[in-house]
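Me: Mind walking me through a model? I'd like to know why things get the labels they get.

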Amino acid sequence: MKSWFKWFSQVGGNATMVFALSLTALVVVVGGGIDFNSAVSGHAQLQDAVDAAVLTGVRASSNNAASASSAFSANVASSIAASASQSYSSGTSSSSNSSGTVNQVTMTGLATVQKPTFMLGLVGINAFSLSASATAVADKASSNPCIYVLDPSSTQSLLVNSGASVTAPNCEIHVKSTGNPAAIFNSGSSLNFKKICIAGANVIRNSVTVPNLSLSCAAQDDPYAGTLPTPSSSSCTYSNLNYNGATVALQPGVYCGWFNFNNSSATVTMAPGVYVIKGGGWNVNGGTWTGSGVTIYYADTSKIQFNSGISANLSAPTSGTYKNILMYEAAGLSKTQFVLNDSVSNQLSGLIWLPSRQLTLNAKSGIQSDSLTMVVWQLILNNTTWNLTQMTGSSGGSVTNIRLIK
């Protein structure tokens, strides 16, 4: 026993040094493993964020890099978002297929970040350099349709009756229905579209020729869903009024309940701004309506019904939050009808987004529009004369088939 004490007394200093070195190595190994696992986790998060960034950027209609950067920040820890270096590049190439010209849009993103270490700092490794890259690609049509009919399954989602005459040589109408029949074209109608794209394989043509009709066609999705602003509608500005005068001047605000415009020869002027309609609607029995820079928003299944000899010249704002939005509704509403009756002439400019409405244009309805895009659930044309061109600023087509390629 004494020999052991003697040995420890002789080697104690060396043993302490060996133990200290071993402990340091152990700390480095264990701590390094923790740092390494943290780096692996951080890289995975970085990669997910770059993937989300390029998928968002390639979808954006403009400011692709800014959209990508915002998506990156939303999908990564704030500490990484603040210190990461990002770069994005995009390009476009064109090809043709049976559906027309298709542009292939690509976006590549690269993000790098220095991730600090903890234990490895003891041996001079203060940070790991992490980087992630991704490339997304999407197909983008050369132009958006002028009319989207969204009902995916009903029969006759598009119904064109006798007397309907539509002149739209530079416009496409896309019908999502695969019902049987997806559309009905009755005798006495005349359609002049650049293309009528119907997802279904079956339609009914009752003794009428439908030029430029494409069946089993890849009808485009609604490009506006989830992108439109929601105006405030919590308090009412006006409630349940009757307008009987020859001159009516309307101001923006929230219109609650029912409003009757009874003078068939009235001149109605809408000042620029947003008109929110809820809890009823406007019943319009005639007159001449004008308004520039006007946006009409339906907060619920409320509506405007234009009756007996209306002449309307309404245009959307050309800048600001509601740019190009003429008439739209809250998302996710129950399906209801929206009817325009017996109009003398409507000159409408902007986006009409009514994805929950069965829109019917009835006898003598005349829409003569220099610039219009329409999104509806179903569409019925009855004895309607319609001259249509595409809404200004909608030349960029819908983006489809979005995917990561690396």
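Reply: Sure, starting with a term: on a 1 Å grid over the protein atoms alone, a cavity is a set of points where a 1.4 Å probe fits but cannot get out, and lining residues have an atom within 4 Å of a point. This is a predicted model, where local features need pLDDT of at least 70, side-chain atom pairs count only at pLDDT 80 or more, and totals for chains, interfaces and linings use all residues. Residues are numbered from 1 along each chain as its sequence is written, and side-chain values use heavy atoms, leaving out hydrogens and water.

Me: Which residues line the second largest cavity?
Reply: Ile147, Leu158, Val160, Val166, Ile173, Leu191, Phe193, Ile196, Leu379, Leu381 and Trp386.

Me: What makes that lining nonpolar, polar or charged?
Reply: Ala, Val, Leu, Ile, Met, Phe, Trp, Tyr, Cys and Pro count as nonpolar, Asp, Glu, Lys and Arg as charged, and the others, Gly among them, as polar. The lining divides into eleven nonpolar, no polar and no charged residues.

Me: Why is the pair of tyrosine 297 and tyrosine 328 called tilted?
Reply: Rings of Phe, Tyr and Trp (its six-membered ring) pair if their centres lie within 6.5 Å; planes under 30 degrees apart are stacked, over 60 edge-to-face, the rest tilted. Here it's 4.8 Å centre to centre and 55° between the planes, so tilted it is.

Me: Are both tyrosines buried or exposed?
Reply: Tyrosine 297 and tyrosine 328 are both buried, meaning under 20% relative accessible area, with exposed over 50% and partly exposed in between (1.4 Å probe, protein chains only).

Me: How do you know that lysine 335 sits over the ring of tryptophan 377?
Reply: The rule wants NZ of Lys or CZ of Arg within 6 Å of the ring centre and within 35 degrees of the ring normal. The charged end of lysine 335 is 4.4 Å from the centre of tryptophan 377's ring and counts as sitting over it.

Technical notes. On a 1 Å grid over the protein atoms alone, a cavity is a set of points where a 1.4 Å probe fits but cannot get out, and a pocket is an open set with protein on both sides within 12 Å along at least five of seven lines; lining residues have an atom within 4 Å of a point.
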